[in-house]
2 protein chains.
Amino acid sequence: MKNLTSEQDFLALIDKYFPSNNGHVTLGRGDDCSILRINGQLCISKDLFIEDVHFRRSYFSPADIGYKSLAVNISDISAMGGVPKAFALGLIVPDGLDKEYWDSLLKEMAKLANKTGLILAGGDLCKGPTLGISVTVWGEPYRAEGLDSVDKGRFLTRGNAKPDDILFIHGSIGLARTGLLLLEETGTFASKEYPASVQAHLRPEIRTETGKALSASAAVTGLMDLSDGLARDLPRFINQCETAFGAEISLPTEILHDEILKYAKAKNISAEEHAFRGGEDYALFGAATADKFEELMDTVDGIIQIGTLTDKPEIILNGKKFLEKGFDHFSG
Amino acid sequence: MKNLTSEQDFLALIDKYFPSNNGHVTLGRGDDCSILRINGQLCISKDLFIEDVHFRRSYFSPADIGYKSLAVNISDISAMGGVPKAFALGLIVPDGLDKEYWDSLLKEMAKLANKTGLILAGGDLCKGPTLGISVTVWGEPYRAEGLDSVDKGRFLTRGNAKPDDILFIHGSIGLARTGLLLLEETGTFASKEYPASVQAHLRPEIRTETGKALSASAAVTGLMDLSDGLARDLPRFINQCETAFGAEISLPTEILHDEILKYAKAKNISAEEHAFRGGEDYALFGAATADKFEELMDTVDGIIQIGTLTDKPEIILNGKKFLEKGFDHFSG
């Protein structure tokens, strides 16, 4: 199929899949800026998604790239308990990708955008050495009905959790990292024996509904998404708490995915530590007051208790001090 | 000087130069999202600034890169007549640049941010094959004092200009393109004979004050910034007007910079057409009603009349039809 040779070709493809204006984006693509109408607060995040850093074209289909580049940004909105509203898209376009490739990538990105209520507000496009996608996404607070204390909506930040608050996750940890390592080792062949791991790496689940439900619960004292793995993200969470300085984490094998247990056995490593290190889980991780935790478990499906915050400056994993750092896109 | 080897090194450098929160950015860097407080409207824009596409390290100093990567984004806010408020920064970091390099780049970016009132709200950081900077910037409407019709502020979009409206520019056209061509031809040596051209390419002027003054004038019916040159951007402006379909442009040599005349003579090309083609001028280009244009000229310094909008679907440059396309970062 033919190449896209001009900016116009690209914009036509983008217009084909992405609607432009709505009540939030009152002026869409095509001017110097987009114009948004906002009453109150907005949360905003920006992520880069760069070839051979965050993904490889050898085992990511164009549809996978379109999906994940937007999904990891939506995850930041979910982690604030926010409602995704719109995004801006920067595309760095290498030579040699045909129209069919871009059609597939943008179509899948648009499918996810439409599913989560995101409008493509604007962006930029240029050539470059490798495929790169830069997304800036923003959202509004979730306004739950019938809950007095939070009826104006709130964003779930990290700083308010306290010692003895219960720590929980929503989603798998370690599974995406397993998928990444296997894809790097054996390519797409990995999906035969480890389908869930590969899927977790290529297509992280969207958790906006859970984020909204958590923001509506007065029990929840803090939330973040696990992009670099619990080993690395947990200290970040704790660093922003005023009175909590450490955590005791309990990861029994029962809460780990079968494929993680299988992988750990094959590689002769600790499944629990592998899961704790993780990386690109895009699971939600949060804290909730102990007295209301049971109620939270009843209200929000899929919450898994994994530990408690403490006032001691140390991370305890399954009874032992954990000192390593986790996965990092920057240091590799 | 030593390299920056970890994300923490980078974040420390960023924290050194960029203040975090203010009344607009109520939660700054370090959480999943930044939180903004907004009453009413926001305009938002995103640009990519990629090595060997938008700049070369051979003749851009790190300070030039820090300046221009943010300046071209601020230009979009100026072109809306808006007040810059904050920005998000994505940095793609290649191997081999030392701490001194990044210090210089970020220091100059911060200088421009502070000068224009911009807070760095958040961003992302990763390794990559070449240096890349992705900025998303946003602003609020300018609320001029003592002007009834626009006292709530407005953004200057492109669609409201009409036939017989006068077209104007604020800034030089063709000068930055002259600088680019000379820098590509002779490297930094170009600045000896063509200092203004080189400066126009490396350090485009910020026109936020002019943008605000134009938004406060009821005469102005439309505004944009010239990123790809008048030849390419003028049709874009016209395409968004409901009743204007063409323009008559008059570019006498008197309004062109001396260096453009010198360059055109040396290359045996038409100075007027060279200026009209332009590229990366980051001048403001707008339309104003004829009856109030004199008043506008008296109010806003540096406005240069260059033509009128028409209802005929053609572009006339100095009496002749102009059919070519201008400069484009995508098609090259």
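Ten bridges join strand β3 (residues 82-93) of chain A to β5(A), and the two run antiparallel. This is a predicted model, in which local features need pLDDT of at least 70, side-chain atom pairs count only at pLDDT 80 or more, and totals for chains, interfaces and linings use all residues. Residues are numbered from 1 along each chain as its sequence is written, while chains are lettered from A and ligands numbered from 1 in the order in which they are written.

Strands and helices here are DSSP runs (E, at least two residues, for strands; H or I, at least four, for helices), numbered from the N terminus. Two strands count as paired if DSSP finds at least two bridges between them. Besides β3(A), strand β2 (residues 34-50) of chain A pairs with β5(A), in the antiparallel sense and over eight bridges. Strand β5 itself (residues 132-141) is mostly covered, with ten of its ten residues buried. A residue is buried if 20 or more other C-beta atoms lie within 10 Å of its own, exposed if 12 or fewer, and partly exposed in between, with C-beta atoms placed from the backbone.

The table gives strand pairings and one bridge from each.

| Strands | Sense | Bridges | One bridge |
|---|---|---|---|
| β3(A) and β5(A) | antiparallel | ten | A:Gly82 with A:Pro141 |
| β2(A) and β5(A) | antiparallel | eight | A:Cys43 with A:Gly139 |
| β2(A) and β2(B) | antiparallel | eleven | A:Gln41 with B:Arg37 |

The pairing of β2(A) with β2(B) crosses from one chain to the other. Between the chains, 53 residues of chain B are in contact with 53 residues of chain A, contact meaning that C-beta atoms, placed from the backbone, lie within 7 Å. On the chain B side, β2(B) gives the most, with 14 residues. The residues of that side divide into 23 nonpolar, 18 polar and twelve charged. In this division Ala, Val, Leu, Ile, Met, Phe, Trp, Tyr, Cys and Pro count as nonpolar, Asp, Glu, Lys and Arg as charged, and the others, Gly among them, as polar. The copies meet through the same surface, because 100% of the interface residues of chain B are also interface residues in chain A.

Chain B is superposed on chain A by a rotation of 180 degrees with 0.0 Å of shift along its axis (RMSD 0.0 Å). The two copies are therefore related as by a two-fold rotation axis. The fit is by least squares on the C-alpha atoms of residues with pLDDT of at least 70 in both copies. Within chain B, the residue closest to the axis is B:Asn39, with its C-alpha at 2.7 Å.

The largest nonpolar core has 211 residues, and A:Cys43, A:Phe87, B:Cys43 and B:Phe87 have the most contacts inside it. Such a core is a set of buried Ala, Val, Leu, Ile, Met, Phe, Trp, Tyr and Cys residues joined through C-beta atoms within 7 Å. Beyond its neighbours within four places in sequence, B:Phe87 touches residues including B:Leu118, B:Leu120, B:Val135 and B:Val137.

Helix α4 (residues 175-186) of chain B has twelve residues and reaches 16 Å from first C-alpha to last, close to the expected 16 Å. That expected span is 1.5 Å times one less than the number of residues. Among the buried residues of α4(B) are B:Leu175, B:Leu180 and B:Leu183. Their cover includes α5 (190-193), α6 (195-202), α9 (258-267) and α10 (271-277) of chain B. After α4(B) comes B:Gly187, with a positive phi near 70 degrees.

Technical notes. Contact = placed C-beta atoms within 7 Å.
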